[in-house]
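I wanted to look up the salt bridges here and to note where their partners sit. My entries follow.

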Amino acid sequence: MKFTLFFNFCLFISLSSCNIEMSSSDYTAPGTFTTGIEGPATDYLGNIYAVNYKNEGTIGKVTPDGKISLFLKLPEGSVGNGIRFGSRDKMFIADYTNHNILQVDMNTKKVSVFAHNPEANQPNDIAIGTKGVIYASDPDWANNTGNIWKITKEKGFELLEGQMGTTNGIEVSHDRKRLFVNESVQRKLWVYDILENGFVANKKLFFSFEDHGLDGMRCDDKGNLYVCRYGKGTIVVLSPEGKQLKEIKLQGQKPTNITFSTDFETFYITMADRGCIEAVKNNL
């Protein structure tokens, strides 16, 4: 008992000195998803969707009261990564094995190819801009490089920047004026201005981390950016100006991506090492 109390006291001191809070809980049971759990995305009713429920190549659905079920199976050979909603009835999925962006009709569950590019390494995370523009990260893990793409139905994949670091998390700012892209291996987070035509300019370093990896990101309704620290087991919250506001300790060590509840009062994190979704009450 004395050792336990001493350990908890030391842990509290350690976390406090790093401005780290511990507040996550399990939203789904460990092992309900594979280690490839990613996505996730929230629809207008508050349902959460994430890839690789029980088996690779699937999409799982979790209702606001925590009930989980298989939403759909992707076409043969397709495995999803990032998920985003373009509208109430359109879900987009980065299909990294077949170099696609898939579109799902939420009413019929029909899956179609929105855009395809065999030259892409592996479409990874996606974000939605204005006028139907999709932005995708495209890492080449073997060579520690990556690209970012602008994707539309009319023109398909258009390269925004190539031969970057290992591009992974990607997000459009809450006001739709900026694009954030992080590099997992290099631990750098970049920001671009989004131009009227959907292309980007004025690249700047937004934040740089000293250790561990980076993965998915999301903006809240105040413009703050929430970054998954893969390997560290935390979520870092950055202000719109690029200042660290807080860091939240999770139960697992490998957060892959994040989504918010419809009211932004809770955020949900997919955990690769635990095969589940964790939840955190947001107090910002």
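**Notebook: salt bridges**

I began with arginine 84, which forms a salt bridge with glutamate 171, and in this predicted model the closest N and O atoms of the two are 2.9 Å apart. I then looked up where the partners lie: arginine 84 is in strand 7 (residues 80-87) and glutamate 171 is in strand 15 (residues 167-172), so the pair ties together parts that are 87 residues apart in sequence. I also checked their accessibility and noted that arginine 84 and glutamate 171 are both buried.

Next I turned to aspartate 211, which forms a salt bridge with arginine 229, with 3.6 Å between the closest N and O atoms. This pair links distant parts of the chain, since I find aspartate 211 in the loop between strand 18 (200-208) and strand 19 (217-219), and arginine 229 in strand 20 (residues 225-229), 18 residues apart.

Are aspartate 211 and arginine 229 buried or partly exposed? I wrote down that aspartate 211 has 34% relative accessibility and therefore counts as partly exposed, whereas arginine 229, with a relative accessible area of 2%, is buried.

My third entry concerns arginine 274, which forms a salt bridge with glutamate 278, the closest N and O atoms lying 3.0 Å apart. Glutamate 278 has a relative accessible area of 0%, and so I list it as buried. I noted further that Asp26, Arg274 and Glu278 are linked in a network of salt bridges.

Finally, I asked how many salt bridges the count comes to. I recorded nine salt bridges, counting a side-chain nitrogen of Lys or Arg within 4 Å of a carboxyl oxygen of Asp or Glu.

Methods. Residues are numbered from 1 along each chain as its sequence is written. This is a predicted model: local features need pLDDT of at least 70, side-chain atom pairs count only at pLDDT 80 or more; totals for chains, interfaces and linings use all residues. Side-chain values use heavy atoms; hydrogens and water are left out. Helices (H or I, at least four residues) and strands (E, at least two) are DSSP runs, numbered from the N terminus. Buried means under 20% relative accessible area, exposed over 50%, partly exposed in between (1.4 Å probe, protein chains only).
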